[in-house]
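Grab a pencil and work through these exercises with the model open beside you. Try each task before you peek at the solution.

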Amino acid sequence: MLQDKEAYVWHLEDDRWVSTLIPCKLGKGATCIKWSPKEDKLAVGSAGGAIVIAWPEAGSNWWVTKSVREGVSSIVRSISWHPDNLLLASGTTANTILVHSVAVSSIDGETGMAKIGTLIHEAHCKGWVHGVAWSPCGRMLAAVAHDATLTVLDMTNAPPVTQEVSHTGLPLVALAWVGTAAIVAAGHEFAPFLFSRSTGKWAPAAKVDDPQARSKVSNSSSSQSQFASALTSFKSRTERGQTADDTHSTILPTRHQNLITEVCCLGAPPEVPQISTVGLDGKLIVWDLSSFSSFLTPQRGRAT
């Protein structure tokens with residue numbers, strides 16, 4: 001995915017990676033891209049009010065594309081494929097959560113779904129929708145918005161039942177399901193937070209972070225070489241406006257020191273013992289969720 005409005009797919013051919021251009025024909029730059037669960041279709045979100053669904057033409061060396069525009073009126077911030085490969089959820093800067101049919105007859109066969117690009121459902125939030133994610137079973141859809149809320153839609157009902165959970169801190173921008181009744185979300189607070197469902201209601205459950213993060217960072221800083229210390233001091237002055245006297249006093253009590261942009265599961269649902277997060281501080285951190293197992297395992301009153 002490139003900001004020149006195109007996308008490329010690479011495949012291995014005779015021990016060499018060969019790229020294939022996908023003619024997205026976007027009016028503005030691409031913003032997000034994701035493979036379908038079966039890896040036979042590709043979705044590309046854009047800043048031009050469109051989502052492109054692409055799939056390889058059978059027996060040929062090119063890709064067919066279809067623009068999805070119904071209900072898409074602004075920048076597409078995130079996309080998420082339904083586990084059945086037939087639905088696509090998206091979050092936009094128009095404060096909307098959209099669900100479209102993306103069934104392709106040549107790929108999926110006769111499914112009885114509406115034609116590709118048909119808007120199935122639209123939900124509204126009170127801020128930009130930064131992230132969307134389907135539950136592992138495909139019955140629920142979750143989203144995080146810029147008003148610091150987590151919205152969960154129960155798609156088994158018509159119309160879907162919506163629950164909104166307020167986060168007391170700064171906005172969340174990324175999320176991942178870590179069980180059939182548990183979600184981890186992260187963003188501007190530089191730490192992941194766990195939300196769980198019990199007795200039919202969603203609520204904040206815990207902050208997933210290492211309480212000894214500050215001491216670990218401080219200890220590693222004190223053992224740096226002279227060159228590394230000088231580099232740290234230079235970066236502190238240029239990036240944070242810090243002087244040598246206050247360099248260590250402003251290290252945050254979180255393992256991430258900047259915005260977390262992505263949350264990923266390391267394991268197969270519904271049991272996810274670990275997650276990984278990536279932030280603008282250049283760190284990739286793996287978190288062990290074993291101590292939160294009571295929230296990850298469905299119990300009586302939780303969603304199944």
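Strands here are DSSP runs of at least two residues, labelled E and numbered from the N terminus. Keep in mind that this is a predicted model.

**Exercise 1. The largest pocket**

Task: Work out which strands each supply at least two residues of the lining of the largest pocket, and find how the lining residues divide into nonpolar, polar and charged.

Solution:
- Step 1. Start with the space itself: the largest pocket holds about 1100 Å³. Rolling a probe the size of a water molecule over the atoms shows where empty space is left.
- Step 2. Look at the lining, which has 36 residues. Lys34, Ile79, Ser80, Val132 and Leu175 lie nearest the pocket's centre.
- Step 3. Pick out the strands. At least two lining residues come from each of E3 (30–35), E7 (76–81), E11 (129–134), E15 (172–179) and E19 (260–266).
- Step 4. Sort the lining by type: you should get 23 nonpolar, nine polar and four charged residues.

**Exercise 2. A charged pair**

Task: Find the side chains that meet in a salt bridge, then decide whether lysine 41 is buried or exposed.

Solution:
- Step 1. There's one salt bridge to hunt for in this structure. Its partners are lysine 41 and aspartate 108, at 2.8 Å from N to O.
- Step 2. Place both partners. Lysine 41 sits in the loop between E3 and strand E4 (42–46), while aspartate 108 belongs to helix H1 (residues 105–108), so the pair ties together parts 67 residues apart in sequence.
- Step 3. Check the cover, remembering that buried means under 20% relative accessible area. Lysine 41 and aspartate 108 are both buried.

**Exercise 3. Backbone oddities**

Task: Find which residues a cis peptide bond joins, then look at phi of lysine 25 and of threonine 199.

Solution:
- Step 1. Know the usual pattern: most residues other than glycine have a negative phi, and most peptide bonds are trans.
- Step 2. The cis bond links alanine 158 to proline 159, with omega about -5 degrees. You'll find proline 159 in the loop between strand E13 (149–154) and strand E14 (161–166).
- Step 3. Lysine 25 isn't a glycine, yet its phi is positive, near 55 degrees. It lies in the loop between strand E2 (16–22) and E3, and it is exposed, with a relative accessible area of 67%.
- Step 4. Threonine 199 also has a positive phi, about 55 degrees. Its loop runs between strand E17 (193–198) and strand E18 (201–207), and threonine 199 is exposed at 62% relative accessible area.

Definitions and conventions
Residues are numbered from 1 along each chain as its sequence is written. This is a predicted model: local features need pLDDT of at least 70, side-chain atom pairs count only at pLDDT 80 or more; totals for chains, interfaces and linings use all residues. Side-chain values use heavy atoms; hydrogens and water are left out. On a 1 Å grid over the protein atoms alone, a cavity is a set of points where a 1.4 Å probe fits but cannot get out, and a pocket is an open set with protein on both sides within 12 Å along at least five of seven lines; lining residues have an atom within 4 Å of a point. Grid points are joined across faces, edges and corners, and a volume is the space filled by probe spheres set on the points. Helices (H or I, at least four residues) and strands (E, at least two) are DSSP runs, numbered from the N terminus. Ala, Val, Leu, Ile, Met, Phe, Trp, Tyr, Cys and Pro count as nonpolar, Asp, Glu, Lys and Arg as charged, and the others, Gly among them, as polar. A salt bridge is a side-chain nitrogen of Lys or Arg within 4 Å of a carboxyl oxygen of Asp or Glu. Buried means under 20% relative accessible area, exposed over 50%, partly exposed in between (1.4 Å probe, protein chains only).
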